[in-house]
Every structure is written in structure tokens, then in C-alpha cells.
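Please consider the following model together with its sequence. The paragraphs below move from a single side chain to the nonpolar core and then to a loop.

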Amino acid sequence: ENVPFCHSLAKIVIDEQGYGIEALSTLCFLFALSSVIVGLVFFGLGKLELGRVVYYFPGHVLVGCIGGIGIFIARTGIEVT
């Protein structure tokens, strides 16, 4: 799921700033910032003990969602290359 997000982020930065060193530093900062934000969100979910919410969903729904994510990753991987 991360590759399409990073690809879109890189396209936005390149469209705005071109291919210079400023674009590279901006992109590295945005990648790091997004990683920190995701980490904080998951930490907050764990601290509030919201991981157990997953048990309220039927198993076949979760399997379908995970399968859909796999198909999405495969499709975007083919599109990026």
C-alpha cells in the first residue's frame, strides 16, 4: 500500500519543484513525516486498545479485504514498472 502513496507523493513534488536537489530534500522530508504520522496513529490505536475492534468483523470480510489489498498492490506494482 505504501508504494502507490510514495509514487503519488513523488509525482506531486516533481510537478511542483522539478528534479533538483530541493525536490529530493522535500521528498525525503515528506516520506519521513508520513512514516512518523502512521507510527503515531498506530501507537494511539494500541494505547487506546482499539485493536480488538477487528474481532467484531466476520472472518470472511477480513479475508476479502486483505485479498483486495493484495490485488491492489499487484496492479499498482505492474503500473509503476
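In this predicted model, a polar atom of the T76 side chain lies 2.9 Å from the backbone oxygen of F72. A polar atom of the T76 side chain is also found 3.1 Å from the backbone oxygen of I73. T76 itself belongs to helix α3, which covers residues 59–80. Is T76 buried or exposed? Its relative accessible area is 13%, and because the limit for burial is under 20%, T76 counts as buried.

The nonpolar core may be taken next. In general terms, nonpolar side chains tend to be buried together in soluble globular proteins. Here the largest nonpolar core consists of five residues, namely L9, A10, V13, A23 and L27. Two helices, α1 (2–17) and α2 (21–47), each supply at least two residues of this core. The largest share comes from α1, with three residues. One member of the core, A23, can be followed further: when neighbours within four places in sequence are left aside, A23 is in contact with V13, Q17 and G18.

The loop between α2 and α3 offers another viewpoint, for it is there that L48 is placed. Is this leucine, L48, buried or exposed? The relative accessibility of L48 is 59%, and since exposed means over 50%, L48 is classed as exposed. With respect to the core residue A10, L48 lies 38 residues away along the chain, and the C-alpha atoms of the two are separated by 33 Å.

Key:
Residues numbered from 1 in each chain as written. Predicted model: local features only at pLDDT ≥ 70, side-chain atom pairs only at ≥ 80, totals over all residues. Heavy atoms only, no water. Core = buried A, V, L, I, M, F, W, Y, C linked by side-chain atoms within 4.5 Å. Buried < 20%, exposed > 50% of the residue type's maximum accessible area, 1.4 Å probe, protein only. Helix = DSSP H or I, 4+ residues; strand = E, 2+ residues; numbered from the N terminus. Contact = heavy atoms within 4.5 Å. Polar contact = N/O pair within 3.5 Å; in protein donor to acceptor, adjacent residues only side chain to side chain.
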